[in-house]
Structures are given as structure tokens and as C-alpha cells.
Amino acid sequence: MSVVAYTESVWAESQDERWDDWEDDEMDTPMKCLFCSHTFQSAPTLFQHCEKIHGFDFLGTKKRLELDFYSCMRVVNYIRKMANENFAKVSGLMIDGTEEFLKDDEYLKPTMDEDALLYALDELDLDDAAAPAAPQVEGFEPPANEKEHNLMMRIKALEHIVGIKDKQLEYAQEQFDKYRKTVRTQFLEDLADGTSVVGSELGSLASQSAVAVPPARRPPVLSSDAYFDSYAHNDIHEQMLKDRVRTDGYRDFIYENKGVFKDKVVLDVGCGTGILSMFAARAGAKKVYAVDNSNIVEKARENIKDNELEDIVTVMQGQIEHVNLPVGSVDIIVSEWMGYFLLFEAMLDSVLVARDRFLAPGGLLAPSSSRIYLTAVSNEEYMNDRVHYWDNVYGFKMPAMKGPIYPEVLIEVVDPECVVANSAELVSFDHHKTKVAQLDFVSPFELIVTKECRVHALVGYFDVFFGRSPDDALPPADGDAAAATTYRPPAFTGSAKDRAQMLATRPDAAPIHGFTTGPHGEPTHWKQSMFLLASPIDAAAGDRIVGAFDCHKHAKAERELDINVYYRVVRAGEDLGPSDVGVPAIISSERFIKQSYRLR
């Protein structure tokens, strides 16, 4: 069938109408600038903005280099990727046609989800083809008239779009194959590395994923992309928002210190749904920049718009290490960055980078400080359920199933009745001063057993504090788990209105804000971090468990933690010898048991 046979038919006219409807639908989707957050309803208008504001003539470059549809796609995706990573690298960009990315099919994969600009590129071809100098359409006979020519171009554009989808599908299949290979390799390495306990010392055992841990907060840390992708889904944010200790802690600090936030410029690192940004805006912030590298930013924008705060809160997508703010500095940085055992996921590293890049002198970090504690627990019921269960499974022994349990840091809610020792502070961080290198630490500890028991595990948890200025002093460290609630906001028996009035008239009466994730406090989604002892300790009241705690990032997966615990029991009335005092002596002494763990 010839093209002419149907271009002049009623069918063709109906198809033109459908095509026009399809084009109108596409135009309803705003197109984001290649360099900044501005959006436009047409590609030509967008490219005029790029030339005028950012100094990049896309249309001129396309014409000068005779770029085809796919080359234009590569240019768009390349610039978007580079602008996210390093804006300076693409500022004033010039393309001469020799660039390698123009032939790299990696850049046929959209950098930005649902990028309407990519679908509008075919319009540029239509515009070019309409010129008298180029009536011929590749793959077709010469058109008889302009209408026939336009239809040919539309068919060609649809072929381009199908080609895009084919490329995306091919790329997705490649990524899935890589993911499957990575998981298989890691699984086989775990099997190969697993060993059993030798004497009283554990070797470096391979670990399996902890049981009964909410998967939403513990994504497999295979890559940075996988980490950020895990925060793009609703369930993880619902879990965190419903954690009253967490969300109320931030809300109460911000709302009860409106004088701190009034007329300030605030940066929210890892904004998620935008809840902290909206708290800050409602508290009187002049401007809030909400930054997240996950695609959750699209929902955050909707949330902020639905609450009519879009004039105050600007949402930006990108890693805080690379994103550029429209301002030189901010007055306050807020962030909920804490992971299991405080440091899992290594997001504090990013907050400290944001501090060094953007926080003005005298500016405030919220939270402003944090501490990690260690205590001991005795729980025979838990051991029977998780460990001794494997001694008799339907009449069969399965000792091989026990091995992977011990080197894994187990994330559980610990019954406070099972705590059998004081809490020892391992480390504290002043977020205004701490350096990234200090987040790897080795600390001595001493736990005093409070009653006769069998100690099955050591347990770690953390507390965070919110100061009103960077000079606010940390509350005293708590050596007794039962007293660790002393810094938490005290109960106020009056109404909310009375409380607000009291805070407005007597700011000095405002409580020290903060919260604990310890077993003595209200349970949180962080729970506690349990380090099972391969050789439980039979102890009496007054006995001491002394040792050193070594925590550092995993060498190949920096969001994970490698932990070594060195410990021994000192009976009541005994003293440590000089050779067993101090971290270097403890680590090198044969009198201390070493047990290794991995938090992932």
C-alpha cells in the first residue's frame, strides 16, 4: 500500500486527530531545564532559556553538528547527569562533535525518570523536516505534498520512541543480570568464608542477613544507586513517620524553638517526604532547601505544594556532596540521618560534608550531638528461640545453622527487664566539630553486672540531642541505664496552649530536647543492636565485663560496619593487671576474647 492511498483518506484524518490528542497530552507534562529546576511547556522555550541563562545553544549545536534524534538524546542525558554530579563541569558547555558520549549508548538511558523532553525531541525533527531544503524522509519515497511529508515524519518519530523503549528494556535487563550476578557472588563468598569458633576466639565469620529486621530500613547495600533507590518507596517513609519518638522529637524541637528558626535559611539533608522541611517552614524559616538523591523528591514536591509551602520550600534532587544551592550558605541544617547503631548507612558523613560546604559560621546543626552506649543482657528465652532451636529440628541436629548467627549484628527490641548491667558510653559526637575520619572509632568499656545471671549478649544503642546553638553543652553522660531519660523533655501537665505560653515567656524553661533508642525508652524503628556472645558469661553482681570496642566502615561497602569486640570478665574484688589496661594492651592481649561482627 502506498502512503498516498491512506494519507488522503478519512482514516488518515482521524489518525491525525488522535496524533494531535497524543501531542497535547505530552505537552501537559512540564519539561525540566537541563541545568536548573525551572520547567517549561515546550522544548523550544526550554532551549531558549538554556541559551540565554546557561550559555548553551542546544538548537544551534544540533544544526551545526547535524545531530540525529539519538545523538540529541545522548546530549540531554549527558548534561542532566553531569549537572547532577558537578554543575561547574557543564556550565558554559561547548560540544564540538568529538565527545565520546555522543556515541555511548549508556546515555540513551534516561537520566531522569519520565523525562518529557526526550519525547519532545521528535518535534525538533518535524520542524527541521518542514523546511523546503529537506523534503526527503529516510526510508520513504519522496512525499507528494506537505501533509504526506508530515505523516512520514510522525511515523519516523514513533519509530524513534519505540527505539527508546527497546534501549531502556535492554538496559534494564543488563542491570538485572548484573544484580543477580552480584547477589550470587556474595552468597557464594559467604558460604566459602564461614568458619566455626576455635577455642574462645571467633575468626572472621561470614554473616547472613538478620532475622526479624524490618527490610525497609535495611536495604542490601550493593551500590550507592541501590541505597538511594530503597528510599524511593512509601513503606520506609511510613515506618519512619509513624515512629513517634523520632518524628515527635524533631517536631517538638523545631516548634518549641521558633525563635531559632524565624527568618532563617534552612537546609534539609535527605528530606524524604519533606516533613522536616515543612516543620521548619511552619516554624518561621524564611527559606528551606530540601535535598534528597532519591526519587522520593517528586512526592515531597507534591506534599509541599498541597500544604501551600512551595514559596518557602524548594526541593532539589541530587547528592549533597555535589548539588549546588542557589545561596552561598545556610543558617541551619536539619537532617534525620541516623541508622542502626547510629552509624549504619554512613549518612552522617554526608551531613558533615553539607556542614563544611554550606553552614554559615555560628550556624546550627539539628540534631547537634549524639552518643553511642553499650550494655549487657541476659535472655535465655531469646537464645532458645534463635540459637538453641537448631539443636533439635524435628529430631535432627543442625549445628551448621548456628554459625552465621553470631557474627551478625541482630536488630531487636530488647526487654528492659533483660538488661543486667550499667550503660557505658562508647563515643560521643559533637556534630559541629566532628570530622568524617572520627566516625571510625576504638573505645575501651567497662560494664558492671547488677545481678547473678548468664550474660548472652552485649547491646548497643544511641541517643541524640538538639541544642539551640552550637555552643550548647552536652547533657551529662548516663552511666546508669535507668537514669538515661533525665535529658528527655519532661512531662508537662498543662495544656498545649499553656506549654506554648510558658515557652514564649520563659525560653530558659524549655527542656533539653533529644531522645534515646535504648531498651529503657519507648521502642523506635531503630530498635537496639545486639552482639551475641559465642561463649555466654556466667556472672555475679559486681563482676565487671571490660574490653575494647572497635567500629569502622567496611572496606568495600562503606555504608556497612565491621565491628570487633574484645572482652573478658573481672570478678568482684579482682583488679586488672597493668598489662591489661588501655586499648592497645587489650587488643594485643591473649586474655581477652575477640569476637567479630558485621552490620549490613
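A salt bridge is taken here as a side-chain nitrogen of Lys or Arg within 4 Å of a carboxyl oxygen of Asp or Glu. In the predicted model, the side chains of Arg-355 and Asp-356 satisfy this condition, with N and O 2.9 Å apart. The two partners differ in their surroundings: Arg-355 has a relative accessibility of 7% and is therefore classed as buried, whereas Asp-356, at 55%, is classed as exposed. Across the whole structure, the search returns 19 salt bridges.

Several of these contacts share residues. Arg-244, Asp-248, Arg-251, Asp-252 and Glu-522 are joined into one network by salt bridges with common partners. Within this network, the closest N and O atoms of Arg-244 and Glu-522 are 3.2 Å apart. Arg-244 belongs to helix H11 (residues 244–255), while Glu-522 lies in the loop between strand E13 (513–516) and E14; the pair thus links parts of the chain that are 278 residues apart. Both ends of this bridge are partly exposed, Arg-244 with a relative accessible area of 49% and Glu-522 with one of 37%. A further salt bridge connects Lys-242 to Glu-238, with an N to O distance of 2.6 Å. Here Lys-242 is exposed, at 60% relative accessible area, and Glu-238 is partly exposed, at 42%.

Aromatic contacts were examined next. A pair of aromatic rings is described by the distance of the centres and the angle of the planes. The count comes to 22 aromatic pairs. One of them joins Phe-35 and Phe-56, whose ring centres are 6.2 Å apart; because their planes stand at 65°, the pair is edge-to-face, the cut-off for this class being over 60 degrees. Phe-35 is located in the loop between strand E1 (31–32) and strand E2 (39–40), and Phe-56 in the loop between helix H3 (43–54) and helix H4 (58–65), so the contact ties together parts that are 21 residues apart in sequence. Phe-35 is buried, with a relative accessible area of 8%, and Phe-56 is likewise buried, at 1%.

A second pair, formed by Tyr-373 and Tyr-461, is stacked, with 5.3 Å from centre to centre and 20° between the planes. Tyr-373 is part of strand E8 (residues 369–377) and Tyr-461 is part of strand E12 (residues 453–466), so that distant parts of the chain, 88 residues apart, are linked. Both tyrosines, Tyr-373 and Tyr-461, are buried. In addition, a single aromatic cluster is formed by Tyr-250, Phe-253, Phe-261, Phe-462, Phe-466, Phe-515 and Trp-526. Charged groups also sit over aromatic rings: the charged end of Lys-258 is placed over the ring of Tyr-255, 5.6 Å from the ring centre, and that of Arg-568 over the ring of Phe-592, 5.9 Å from the ring centre.

With regard to the strands, an open sheet of five members is formed in the order E5-E4-E3-E6-E7, with parallel pairing. The edges are occupied by strand E5 (313–317) and strand E7 (359–366); each has a single partner strand, so one side of each is left without a neighbour in the sheet. From one strand to the next, the twist averages 20°. Four bridges connect strand E6 (residues 330–334) with E7 in the parallel sense, and Ile-333 stands opposite Leu-365 of E7. Helix H15 (residues 347–358) packs on this sheet, where it touches strand E3 (265–269), E6 and E7; the direction of the helix makes about 155° with that of E7.

Antiparallel pairing involves strand E14 (residues 528–539). Strand E9 (residues 410–412) runs antiparallel to E14 and is joined to it by three bridges, with Leu-410 opposite Met-530 of E14. E14 also pairs with E12 in the antiparallel sense, over seven bridges. Arg-454 has Asp-538 in E14 as its bridge partner.

Key. Residues numbered from 1 in each chain as written. Predicted model: local features only at pLDDT ≥ 70, side-chain atom pairs only at ≥ 80, totals over all residues. Heavy atoms only, no water. Phe/Tyr/Trp six-rings, centres within 6.5 Å; stacked < 30°, edge-to-face > 60°. Helix = DSSP H or I, 4+ residues; strand = E, 2+ residues; numbered from the N terminus. Buried < 20%, exposed > 50% of the residue type's maximum accessible area, 1.4 Å probe, protein only. Lys NZ or Arg CZ within 6 Å of the ring centre and 35° of its normal. Pairing = 2+ DSSP bridges. Axes fitted to C-alpha atoms, helices over the stretch in contact; angles between N-to-C directions. Contact = heavy atoms within 4.5 Å.
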